[in-house]
Amino acid sequence: MHTVLILLSSLATCWSVPRCSPEEAAMGRCRTPAENRPQCMEMVLGYCQDVPYSHTMFPNIVGHRSRQDLEMGAEYLLLSVIHGLLNGECSPDIRLLGCSVLAPRCRDNKLMKPCRSSCEMVKKSCIHAFEAIQMAWPYFLDCDRFFVGEEEGCYDPLSELREKQEVAFANISDSGFFTIIQFTYHTNSQMFSILKKTASKCSDISQTYSIGRSVEGKDLLAIEFSSNPGQHDLLEPEIKLIGNMHGNEVLGRQLLIYLAQYLCSEYLLGNERIQTIINTTRIHILPSMNPDGYEIAASEGHEYNGWTSGRANAQNLDLNRNFPDLTSIFYNRRRFRHFRSHHIPVPESYWLNKVVAPETYAVMKWIRSYPFVISASLHGGELVISYPFDFSRHPQEERMFSPTPDEQIFRQLARTYADAHATMSNNDTERCGASFANKGGITNGAQWYSFAGGMSDFNYLHSNCYEITVELGCDKFPSEEELYPEWLRNKEALLSFMEFVHRGIRGIVKDEHGNGIKGATISVRGMRHDITTAVDGDYWRLLNPGVHIVTAAASGYSKVSKRIHLPRNVQVGRVDFVLKKVLREPSLDYFNIPELDNYDRFDPFNQFEQSSPRVRGEDGEERTEKPWWWAYFSQLGVSAPTWLLRNY
């Protein structure tokens, strides 16, 4: 950390080298001749010309004794480049706040300190921008150390800026209520900043978290919306939305960034539909699964980007061919009488024979960690909704209808998005090569074209999650002018898709003592695909209206079956089960199926959990390599600002 070599408690009264003992100086009792006392001077610093005052004083609050001393320091250099480093975010707020410390206000030859409340407000809104570029919060913006309370006579350095913003906002909307979204492309750092800023703005209903890192070390950053962020609420379904799996298919990435901003703003503005969605659903949004590939595609731009440039990750792996091929296992084992088509384990051969991308691994762990019910992966290159299976039931057939046991549920899920989209289901909509006009904009994946190792098939066969693939249009990298029209075409479809999760039945499976049973199976007669209960025993089973026989079972408990009638006018029904403990012999047919009981053996060879020794600082915290922005300071020969390095 930077060490400030002055006695802060005496600054207000002692501005030259004190002619007194250190003890007197520390108590603020030193006196200097009047001719040596600092005077107010005109503000001449180039980067502080727009502060709401015209005179300053040296020494300043952190100890620079002159203007020349300040201009040679890393603190002032940071203010000069902060706009570019943060891509314009929190500008000019950070710069004005910094000027209030480095070139503080002077009135009647007395230094005035800025208000702590101003600092805390800016830090809350902007610290995410520093985190996005791996920069520590500047030491001279320490709200407790260099700012004071209103009772001490502080001033607000952002007062004039706020007045101008209020006038500008008032001119935008007569009613004063609006949602502002900038429909432009965003770099990875800008995307991180927007997501973290959104989570900060809506901290009561949102948070960001990382599910892992890309090959080149970029965060796979997700944002969550829920009435209780960070926690699973009993009986509340969870959904996920994923974009940019292929780095050059960028529209989905942008739509999910806009969706996060929209959900936050509309919730705060009192939009009842958005509030209902967030209060009853836990929503996880991962705008970019392939940030490395996006950078390759973005470097060429939409005019020059080819069909495949940036599609793969930094290892040149197609992420949508990189998941375990559980569909082949499903096809090969259908002959077993008691074979289950859910929670199929990842075979050890996958870890031994395949190069597993870190992005793929991160998403697999993500799927295993949350009780997702539905999911959508946003792609580009066609205008259609594709649903599982993506891998043909006959290896020699490239285009063969290959339904799951939940064909009707998947069709309804796909139909929901396509019908709510502005043009996807229209028969007269111009397509991109394939013919989906007579199918209403939806298709079985394998009937379109077959491939193994896809993410949607993995979701269905390894977890409770039903995932569809949303092909957003012919142009994988549309021009910026198309972003707003595309948002209008897809906004209602995205909202309708999220609302679809509240269909079918839900409930809790408990034992006789009222404890939830984790991992109990919920089966529906006539549908050879079960789902399992979450940690607290709650479950969600998508079902179409009608009469169903539903059975709950768990190892060591008796089975319980119920006949239910799900009316068309009821979106979701409540069906609970209480199971009694019994001694029961396992089915030999069940355990004769190889690897069926190995679901918990994920990454058995510990390929991704291993970590090499890291360099650590004197305080024991891990040290990191110098970030890209370090060159701004090192090349100019200023004193090394190690206080900007995190964990240094």
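This passage describes the nonpolar cores, the disulfides and the surroundings of one histidine in a predicted model.

The largest nonpolar core of the model comprises 124 residues, and those with the most contacts inside it are F225, L259 and L263. Helix α9, which spans residues 251-268, supplies the largest share of this core, namely eleven residues. Because both domain 2 (188-502) and domain 3 (505-600) give residues to this core, it lies between the two domains. Around F225, and leaving aside residues up to four places away in sequence, the contacts include A260, L263 and C264, together with I278, T281, R282, I283 and I285; T198, I205 and S206 are also touched by F225. A second core, separate from that one, consists of 53 residues, among them M57, L85, C143 and Y155. In soluble globular proteins, nonpolar side chains tend to be buried together.

The count of disulfides in the model comes to six. One of them joins C40 to C106, with an S to S distance of 1.9 Å, and the link is left-handed, with -80° about the S-S bond. Since C40 is placed in the loop between α1 (22-26) and β1 (41-42) whereas C106 belongs to strand β3 (residues 105-107), this pair ties together parts that are 66 residues apart in sequence. The two cysteines are assigned to separate accessibility classes: C40 is partly exposed, at a relative accessible area of 24%, while C106, at 7%, counts as buried.

A further disulfide is formed by C115 and C154, whose sulfur atoms are 2.0 Å apart; the torsion about its S-S bond is about 90°, and the disulfide is therefore right-handed. This pair links distant parts of the chain, 39 residues apart, with C115 in the loop between β4 (110-112) and α5 (116-132) and C154 in the loop between α6 (143-146) and α7 (159-172). Both C115 and C154 are buried. Helices α5 and α6 are themselves linked through C119 and C143, which are 24 residues apart and are joined by a disulfide with an S to S distance of 2.0 Å. Here the torsion is about -75°, so the disulfide is left-handed, and C119 and C143 are both buried.

Turning to the histidine, H421 is located in the loop between α15 (407-420) and β11 (442-444), and its relative accessibility of 3% means that H421 counts as buried. A polar atom of the H421 side chain lies 3.0 Å from the backbone nitrogen of T423. Apart from residues up to four places away in sequence, H421 touches L383, R489, N490 and A493.

Note on methods. Residues are numbered from 1 along each chain as its sequence is written. This is a predicted model: local features need pLDDT of at least 70, side-chain atom pairs count only at pLDDT 80 or more; totals for chains, interfaces and linings use all residues. Side-chain values use heavy atoms; hydrogens and water are left out. Helices (H or I, at least four residues) and strands (E, at least two) are DSSP runs, numbered from the N terminus. Buried means under 20% relative accessible area, exposed over 50%, partly exposed in between (1.4 Å probe, protein chains only). A polar contact is a pair of N or O atoms within 3.5 Å; within protein, one must be able to donate a hydrogen and the other to accept it, and residues adjacent in sequence count only if both atoms are side-chain atoms. Contact means heavy atoms within 4.5 Å. A nonpolar core is a set of buried Ala, Val, Leu, Ile, Met, Phe, Trp, Tyr and Cys residues joined through side-chain atoms within 4.5 Å. Domain bounds come from an automatic or database domain assignment. A disulfide is a pair of cysteine sulfur atoms within 2.5 Å.
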